[in-house]
Amino acid sequence: MAKLNLKDIDLENKKVLVRADFNVPQDANLNITDDTRIRATLPTIKYILQGGAKKIILISHLGRPDGKRQDKYSLAPVAARLGELLAGPVKFVDECVGDKVKSEIEAARERVILLENLRFHPEEEANDAGFAKELAALGDIFVNDAFGTAHRAHASTEGVAHYLKSAAGFLLDKEIQYLGGAIQNPQKPFMVILGGSKVSDKIGVIENLLPKCDAILVGGGMAYTFLKAQNKPIGNSKLEKDKIDLAKSILEKAKGLQKEILLPIDNVVVDTVASDSKTEIVGEDIPDGKIAVDIGPKTIALFQAKLKSAKTIVWNGPVGIFEMDSFAKGTREIAKIISGLRAATIIGGGDTAAAVAKFKLEDKMTHISTGGGASLEFLEGKALPGIAALTDKPR
Ligand code: ADP
Ligand code: MG
């Protein structure tokens, strides 16, 4: 069911409660080291202001304060940075519910107000109905723009939406369009590149996407459990022993569905995983004692040839230990290859997004999801509570 988005609602003279994701990284002195998440919310905030809203009341979490007020998790530094980015005043209120908050909102001359960290209250993550009602009482309408927490049923993501007309902000809506679109209605051929460290993290994604896609290209640590399932020697590469049978059954299922699963045909191997380890390229069979840390050049060429015809590509999981430069080539080449294709390229997963950013190819992808865990659950085909709770678009 399609959900209301910002463009569907009348903002004129409304108090708009906006759940944002301002969970920014900070250094020891609480300086914000990366304000991407604040910038990403600006289009939603500006649109609401331009739409004539009386006030915009921003709520967010920051870090894991475990339900207690802790100064180091205060959102005050975010209010300051947001003011700079908007080039306008932002009022910070050092609490997020209660009468004092209400009266400060009423009295504020500023149109942009940021409330203190929601997770100072244990009721937030417990999705407490009373707390959700208190949040709802602060606004006339609710806008959720926090995709990164949409897979959690918290008071500010799920609970509050039961008490107000609720719409997706631009960030959340874009995620729904691209991730949802790729899964429900992909242009074919639809190919999935899967990597990352563990099969167990990606089972749900495989099960959901296998019937929908044309091929799955597997790299990264998870590839070696699949190779092991075909009785190939994998040396000391990453192996989940208890997932070998599952890998076997996935390979069989793929065969039954006539879907291709491509595995590495050569590999970069080392004796120990360290950034200065001497690397070697070996074929499909990995010698005793060796650890595969990246896909090899033949695998890159194989994947490239396969991906050429794709119209939709979903990529989740680096194909090597890309954090170390000497093992990053496979992941970098895959990123370069797909960025040059005319296919819709959709990137999910926190590490995969970080890899694409590291290679400075962000602008060349169709969509890079802003939510790590949330994007995985989306690709698993799960309903995300923060999206499901939004008001349905009238037919
Ligand atoms: P995402 O966050 O994009 O979903 P994952 O968290 O599943 O991705 O996987 C990322 C991790 O997988 C990275 O830290 C990377 O080092 C690791 N990885 C990739 N290839 C290998 C490999 N061959 N052996 C061990 N770990 C690997
Ligand atoms: Mg990860």
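**Reading a predicted structure, feature by feature**

Author: Take Glu280 to begin with: its relative accessible area is 34%, so Glu280 counts as partly exposed. Keep in mind throughout that this is a predicted model.

Reader: How do I read that percentage for Glu280, and where does Glu280 lie?

Author: The general idea is a scale with two cut-offs: under 20% is buried, over 50% is exposed, and what falls in between is partly exposed. As for its place, Glu280 belongs to strand 11. A neighbour in space can be some way off in sequence: Val269 is 11 residues from Glu280 along the chain, while their C-alpha atoms are 5.3 Å apart.

Reader: Next, salt bridges. How many salt bridges does the count come to?

Author: The general idea first. Side chains of opposite charge can pair when their charged atoms come close. In this model the count comes to 23 salt bridges. One of them joins Arg81 to Glu84, with 3.6 Å between the closest N and O atoms.

Reader: Where do Arg81 and Glu84 sit relative to each other?

Author: Both are in helix 2, residues 76-86, and because they are 3 residues apart there, about one helical turn separates them. The two ends of the pair are not equally open. Arg81 has 22% relative accessibility and so counts as partly exposed, whereas Glu84, at 56%, counts as exposed.

Reader: Which pair includes Arg119, and is Arg119 buried or exposed?

Author: Arg119 pairs with Glu125, the closest N and O atoms being 4.0 Å apart. Arg119 has a relative accessible area of 7%, so Arg119 is buried. Its partner Glu125 is partly exposed, at 37% relative accessibility.

Reader: Which salt bridge links distant parts of the chain?

Author: Look at Lys232 and Glu284, whose closest N and O atoms are 3.4 Å apart. This pair links distant parts of the chain, with the two positions 52 residues apart in numbering. Lys232 is in the loop between helix 8 (223-229) and helix 9 (244-256), and Glu284 is in the loop between strand 11 (280-282) and strand 12 (291-295). Glu284 is partly exposed, with a relative accessible area of 31%.

Reader: Which residues do salt bridges with shared partners join into one network?

Author: Asp35, Arg39, Arg81 and Glu84 are joined in this way.

Reader: Now pockets. What should I ask about the largest pocket, beginning with how much space lies in it?

Author: Ask about its volume, its lining and its place. The largest pocket holds about 1000 Å³ of space. Its lining is made of 38 residues, and those nearest its centre are Asp21, Arg37, Ser369, Thr370 and Gly371. By kind, the lining residues are 10 nonpolar, 18 polar and 10 charged. Several elements each supply at least two of the lining residues, among them helix 1 (36-50), helix 12 (350-358) and helix 13 (372-379).

Reader: Why is the largest pocket said to lie between domain 1 and domain 2?

Author: Because domain 1 (6-172) and domain 2 (186-379) both give residues to its lining.

Reader: What is the volume of the second largest pocket, and which residues lie nearest its centre?

Author: Its volume is about 480 Å³. The lining has 19 residues, with Met1, Ile176, Gln184, Phe378 and Ile387 nearest the centre. Helix 6 and helix 14 (385-388) are the elements that give two or more residues to this lining. Helix 6 gives the largest share, 7 residues. The lining of the second largest pocket divides into 9 nonpolar, 6 polar and 4 charged residues.

Reader: How many disulfides are counted?

Author: A disulfide is a covalent bond between the sulfur atoms of two cysteines. Here the count is 0. Two cysteines can still be read for accessibility: Cys96 is buried, at 0% relative accessible area, and Cys213 is buried, also with a value of 0%.

Reader: What about the backbone: which residues does a cis peptide bond join?

Author: Lys188 and Pro189, with omega at about 0 degrees. Pro189 is in the loop between helix 6 and strand 7 (190-194).

Reader: Where does Asn127 lie, and what is its phi?

Author: Asn127 is not a glycine, yet its phi is positive, about 50 degrees. It lies in the loop between helix 4 (122-125) and helix 5 (129-136). Asn231 also has a positive phi, near 65 degrees, and is a residue other than glycine. Asn231 is in the loop between helix 8 and helix 9. In accessibility, Asn127 is partly exposed at 22%, and Asn231 is exposed at 70%.

Definitions and conventions
Residues numbered from 1 in each chain as written. Chains lettered and ligands numbered in written order. Predicted model: local features only at pLDDT ≥ 70, side-chain atom pairs only at ≥ 80, totals over all residues. Heavy atoms only, no water. Salt bridge = Lys/Arg side-chain N within 4 Å of Asp/Glu carboxyl O. Helix = DSSP H or I, 4+ residues; strand = E, 2+ residues; numbered from the N terminus. Buried < 20%, exposed > 50% of the residue type's maximum accessible area, 1.4 Å probe, protein only. 1 Å grid on protein atoms, 1.4 Å probe; cavity = no way out; pocket = protein on both sides within 12 Å on 5 of 7 lines; lining within 4 Å. Points joined across faces, edges and corners; volume = space filled by probe spheres on them. Nonpolar A, V, L, I, M, F, W, Y, C, P; charged D, E, K, R; others polar. Domains from an automatic or database assignment. Disulfide = S-S within 2.5 Å.
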